[in-house]
Amino acid sequence: MSRLIDSGETAAVLKKHALVLKKRFGQNFLIDARVLERIVDAADVAKEDTVLEIGPGIGTLTQALADAAGRVVAVEIDRDLIPVLNETLAAYPNAEVVNEDILKYDIAALAAQAGGRLKVVANLPYYITTPIIMRLLEDRTPAQSITVMIQKEVAERMAAGPGSKDYGALSLAVQYYAEPELVANVPPNCFIPRPAVSSVVIRLLLRTEPPVRTADPARMFSVIRAAFGQRRKTLVNSLANAGALHVTKEQVQQALRDLDLEENIRGEALSLSQFARLADLLPAKRQ
Ligand code: SAM
């Protein structure tokens with residue numbers, strides 16, 4: 001069989017297997033050869049690498065990854081796609097298909113087998129983009145990079161800095177664990193069916209050390225969530241009103257003075273290192 005990305009091949013496979021694409025699994029299949037090449041290039045895959053592909057669909061990206069990598073493990077939730085993948089990947093003995101939900105798959109075991117050379121690559125199902133990426137980051141998956149196609153709006157939030165309208169808790173969480181880089185814009189006509197939104201290929205280079213030090217990262221993230229929970233409020237009001245933090249207005253005001261920050265500052269003006277210092281200055285949560 002020729003490569004799936006070649007003209008008409010994807011449509012032929014869908015027709016042959018009488019596949020009805022499932023919206024509930026976020027099935028928008030890539031049909032653009034240049035975008036495929038940009039993803040594989042950005043992922044910088046070599047023969048020493050193991051690639052975890054999330055949601056291979058009918059195997060379009062999987063074929064290109066298998067050409068570049070030593071081993072590809074493709075985890076697909078939709079069991080109706082497994083016989084299709086067995087066929088489209090028959091000529092790629094280094095590609096393995098696993099029929100499982102990626103949120104339940106044991107990524108740590110695969111990382112151990114990969115011996116430090118694991119890369120995650122995917123055209124992600126948009127309905128669970130953030131949970132998948134946050135799980136990979138928070139579990140400190142020992143991968144080198146995560147190169148994924150996601151909605152443009154979510155990619156911009158992940159990469160945003162202080163003061164931007166897109167900056168928020170997601171930007172800070174992603175940037176604590178990784179360095180994000182927007183690689184390519186991808187319009188809806190590069191998929192079948194066309195999604196309602198534009199997409200972006202984003203590469204997250206995983207950090208080996210966090211970029212800031214804080215006594216209790218979980219406490220810092222509680223402060224960050226509270227700071228952005230009520231966007232139009234000042235930081236003092238947002239934090240003092242967030243019952244779960246157990247801090248008073250006066251304590252937040254004092255911490256802001258210690259940091260040389262204005263009393264009426266809003267959360268969106270603070271950098272990650274300022275949030276880290278703020279969290280350390282606030283009294284620890286009562287037991
Ligand atoms: N990689 C293919 C491509 O680029 O054409 C398909 C990408 S499509 C946007 C997303 C794929 O992820 C679909 O095949 C879908 O069935 C699969 N998927 C959705 N939820 C999943 C989950 N929780 N775990 C694993 N795969 C999932």
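The paragraphs below lead through a predicted model, from its ligand site to an aromatic pair and then to two features of the backbone.

The ligand offers a convenient starting point. It sits in the largest pocket, where 23 residues surround it. Those that come nearest are Gly55, Glu76, Asp101, Asn123 and Tyr127. Sorted by class, the shell around the ligand comprises twelve nonpolar, six polar and five charged residues. Two strands can be named as contributors to this shell: strand E1 (29-30) and strand E3 (71-76) each provide at least two of its residues.

Several contacts to the ligand involve the protein backbone. At glycine 55, a polar backbone atom is 2.8 Å from a nitrogen atom of the ligand. For proline 56, a backbone N or O atom lies 3.4 Å from a ligand nitrogen atom, and for isoleucine 77 the corresponding distance from a backbone N or O atom to a nitrogen atom of the ligand is 3.3 Å. The protein buries 99% of the 600 Å² that the ligand exposes when taken alone.

Attention now turns to the aromatic residues. The structure holds five aromatic pairs, one of which joins tyrosine 167 and phenylalanine 228. A pair of aromatic rings is described by the distance of the centres and the angle of the planes. Here the centres are 5.8 Å apart and the planes stand at 85°, so the pair is edge-to-face. Tyrosine 167 belongs to the loop between helix H7 (152-159) and helix H8 (169-177), whereas phenylalanine 228 belongs to helix H9 (residues 217-229); the pair therefore ties together parts that are 61 residues apart in sequence.

Two features of the backbone remain to be described, and each is found in a loop. In the loop between helix H6 (129-138) and strand E6 (145-151) is arginine 140. Its phi is near 50°, a positive value in a residue other than glycine. The other feature concerns proline 193, which is found in the loop between strand E8 (191-192) and strand E9 (199-206). The peptide bond leading from isoleucine 192 to proline 193 is cis, and its omega is near -15°.

Notes:
Residues are numbered from 1 along each chain as its sequence is written. This is a predicted model: local features need pLDDT of at least 70, side-chain atom pairs count only at pLDDT 80 or more; totals for chains, interfaces and linings use all residues. Side-chain values use heavy atoms; hydrogens and water are left out. A residue is near a molecule or strand if one of its heavy atoms lies within 4 Å of it. A polar contact is a pair of N or O atoms within 3.5 Å; within protein, one must be able to donate a hydrogen and the other to accept it, and residues adjacent in sequence count only if both atoms are side-chain atoms. Accessible areas come from the Shrake-Rupley method with a 1.4 Å probe; for residues, only the protein chains shown count as cover. On a 1 Å grid over the protein atoms alone, a cavity is a set of points where a 1.4 Å probe fits but cannot get out, and a pocket is an open set with protein on both sides within 12 Å along at least five of seven lines; lining residues have an atom within 4 Å of a point. A molecule sits in a cavity or pocket if more than half of its atoms lie within 2 Å of its grid points. Helices (H or I, at least four residues) and strands (E, at least two) are DSSP runs, numbered from the N terminus. Ala, Val, Leu, Ile, Met, Phe, Trp, Tyr, Cys and Pro count as nonpolar, Asp, Glu, Lys and Arg as charged, and the others, Gly among them, as polar. Rings of Phe, Tyr and Trp (its six-membered ring) pair if their centres lie within 6.5 Å; planes under 30 degrees apart count as stacked, over 60 as edge-to-face and the rest as tilted.
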